[in-house]
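Student: I am new to this structure and would like a close look at a single part of it. Could you please guide me through one region in connected prose?

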Amino acid sequence: MRPIPSGNLPLELNAFVGRGTELAELATALEAGRLVTVTGVGGVGKSRLAARAAARSTLPDGAWLADLTALRDPDLLEHAVAEALELTDHTKRPPRQVLLGHLAEPELLLVVDGFEHLVDACASLVRDLLTHSPGLRVLAVGRRPLETGGERLFPLAPLPGPDAAALFTDRATAGLPGFAVDDGNRSDVMELCRRLEGLPLAVELAAGRLRALSPAQLLARLDDRFRLLTGARRDALPRHQTLRTAIGWSHELCTPRERLLWARLSVFAGQFDLEAAEYICAGDGLHAEDVLDVLDELLAQSVVTREEWPAGVRYRMLDTVRAYGGDWLEAAGETARLRRRHRDWYMGLATWCELDWFSPRQPQVAALVEVELPNLRAALEFCLTEPDEAHLGQYLAGTLWFYWVGCGRLAEGRHWLDRALELEGGHEDSRLKALWVLGYVAVLQGDTIAALAALHECRDGAERAGSAVAAAYAEHRIGCLALVTGDLPRAETLLRSALEQYRTIGELNSNVLMGQTELAMALAFRGELADAVELCEHVRLVCEDHGERWALAYALYVLGYAAWTRGEAERARELVAESLDLDHRFHDLLGTVLSIELLALFTATEGDPAEAAVLQGAADGIWPSVGLPLFGSVHFGGARALCEERAREALGDERYEECVRVGAGLDLDAAVARALRTGPGNDRTRRLPRREGRGGDGLKQGELRPGQRA
């Protein structure tokens, strides 16, 4: 028996880009186990990563590659592996016995690539080799696990954005000398890589198209990615010549039921959970109780991936994989039926979430809607583009009010509500709800004209339809508009009227509590602090009873404002800081920025005008994502104006503007941490000298009076 040479790994012909972390983790896995399987969707770079990892092997008898992609007959598997190991044997022994004999003593790494179409035979062989060859380690590479004893899985994800862009640039410059990523095309390259989800094969095929197209032109044509991304190198594997063949190979390996579920899962726009898949994808050849088993097979074959989220276990397909399934769904004539079932499921989800928003599960509802947003968008798009579905789009856009308003999505909510109300739905209740929600969103954005138009139309329509619910909400939001535009007497009248209407119809939810809080704000601005505090304390009690946290944040904001106005500086900061913390947890940008504005004033009062200016700069950076800063209101803007005046007085204009620029450069998390004094680098020990009886900026506690202009 001749000694085994040191390996047969092919040399790399182009640059290996990225994957530093994966290489280190794969090396660790190979040290910890004798069988590691790299899995992933076609074109994700499994073979290249495995070859690079194998080249780093320090086993004395080298690393050997057995490429099984072209092998079709499982009976020839042992012969193919023996050939890869450069073994010759002229005896009559079975080929498996030959392999076992040759591998009994050497210490080597065997890379088994492209085994997915021979998985049973390959699993059997690998199991026997590992059992009888103590010095052998196996690195398997395929679109699914071997599912044999001792196997460690190493699922490979696509490249992150920067690495995908680096790969694109490298392959582009190789095929198009002189190409460079510059300010003129950088955003197109990054967006192209994002749209391709960092899938290396797709990125390389796109780079190859630069001989004829610019990055911008590639982007414009990407909707038909399978037609666009063709023409790989002549030496590429047949299944990697085009994007379609790469994904199509996985499709060929699926059973009919797996192909059916793959096609139906393409209706999801992003992630999904098992319950949604069972409802939407079952029927006509696939029972609901079988969806889990078939889904598990698609997971094993890397067609679907599993992800952990706060909302629970989720599944997703890469857009390229989803698009392939979508083509099959269209060919089967099932697209319209599946999109309608998808819409029905997410209508039900939105309805449940609206009801559950007023409960201790409020944070979970926010997290669930956030993760389901792509699917909710798809459901809205279906409603607004299909005949006779507009009323359902109006209902869905209105039902999601709590997310648009409470979770920092005012602009998107406005988009869907405007689109829905441009259409005639023929169902008055759905239209009235969308109208008052649109009015609410426009109020918070500071768009007075649009708010008045929507709310007056809602009020008039409610009167014609006899809808006491819509009438109460319209009255409430007109009162809220009066509050933010400074008409405090009218705000008080309308808000009290709306609250009475809510009591009459038995309405109790977060909107009702917000009505009480807004009334309290109007009273506080008018100097009626005792009544404002009493209202907000009642809101606190109801929130505690129901587990409501979002409306509570606004009640705490009003209580903090009242406490500061009465000179209770420490208590005021505690209340507004708690309000900010809650708002930030919900990603409520309006509540967040209002609290930061008030905390800036508190900070100036405490003797740190520079930090107050930083917080004002941070607020400046948030307002464009909300709407008109401080609603253009003298009352909401009073704290801001006084804080700025005092900070400028203490710092001087140049230093003040410098601090504001620092704050404007903070991201949202850093701004909130700074306001809460919890972030790194928040050195609060450096203070300006205090003046006798005043803060370091010359500002007395409680100096701001309701409605005061600076």
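Tutor: What follows is a short view of the whole chain, then a closer account of one helix, its surroundings and some charged pairs.

The model is a predicted one. Its chain has 33 helices and 7 strands, and buried residues make up 54% of its 710 residues. Along the principal axes, the C-alpha atoms fill a box of roughly 105 × 65 × 50 Å. Among contacts in the chain with a separation of 6 or more, 73% are between residues 24 or more positions apart.

The part chosen for the close look is helix 13, which spans residues 274-281. Which of its residues are buried? They are L274, A276, A277, I280 and C281. Viewed down the axis of helix 13, these buried residues fall within an arc of 160 degrees, and they therefore line one face of the helix. The cover over them includes helix 12 (256-265), helix 14 (291-300), strand 7 (312-316) and helix 16. Just after helix 13 comes G283, whose phi is positive, at about 105 degrees.

Two of the covering elements lead further into the structure. Let us take helix 16 to begin with. Helix 16 comprises residues 335-356, and its axis comes within 9 Å of that of helix 17, residues 362-385. The two axes cross at roughly 145 degrees, and the crossing is left-handed. On the side of helix 16, the residues in contact include R339, R343, Y346, L349 and W352; on the side of helix 17, they include V365, L368, E372, L376 and F382. By character, the residues of this contact divide into 13 nonpolar, 3 polar and 6 charged.

The other element to follow is strand 7, which also belongs to the cover of helix 13. The side chain of R316 forms a salt bridge with that of E197, with a distance from N to O of 3.1 Å. This pair links distant parts of the chain: R316 lies in strand 7, whereas E197 lies in the loop between helix 7 (186-195) and helix 8 (200-208), 119 residues apart. How do the two partners stand with respect to the surface? R316 has a relative accessibility of 23% and so counts as partly exposed. E197, by contrast, has a relative accessible area of 15% and is therefore buried, since buried means under 20%.

Side chains of opposite charge can pair when their charged atoms come close. In this model the count comes to 53 salt bridges, and two further examples may be set beside the pair just described. The side chains of R144 and E147 meet at 3.7 Å, N to O. Here R144 counts as buried because its relative accessibility is 11%, while E147, at 55%, counts as exposed. The other example joins E658 and R655 at 3.5 Å, N to O. Because these two are 3 residues apart in helix 32 (residues 653-664), about one helical turn separates them. E658, with a relative accessible area of 38%, is partly exposed, and R655, at 36%, likewise counts as partly exposed. Salt bridges can also share partners, and in this way R264, D284, E334 and R337 are joined into one network.

To return to the starting point, helix 13 has its buried residues along one face, and both helix 16 and strand 7 are among the elements that cover them.

Key
Residues are numbered from 1 along each chain as its sequence is written. This is a predicted model: local features need pLDDT of at least 70, side-chain atom pairs count only at pLDDT 80 or more; totals for chains, interfaces and linings use all residues. Side-chain values use heavy atoms; hydrogens and water are left out. Axes are lines fitted to C-alpha atoms, for helices over the stretch in contact, and angles run from 0 to 180 degrees between N-to-C directions. Helices (H or I, at least four residues) and strands (E, at least two) are DSSP runs, numbered from the N terminus. A crossing is left-handed if the near helix is turned anticlockwise from the far one by less than a right angle, and right-handed if clockwise. Contact means heavy atoms within 4.5 Å. Ala, Val, Leu, Ile, Met, Phe, Trp, Tyr, Cys and Pro count as nonpolar, Asp, Glu, Lys and Arg as charged, and the others, Gly among them, as polar. Buried means under 20% relative accessible area, exposed over 50%, partly exposed in between (1.4 Å probe, protein chains only). The arc is that of the directions from the helix axis to the C-beta atoms. A salt bridge is a side-chain nitrogen of Lys or Arg within 4 Å of a carboxyl oxygen of Asp or Glu.
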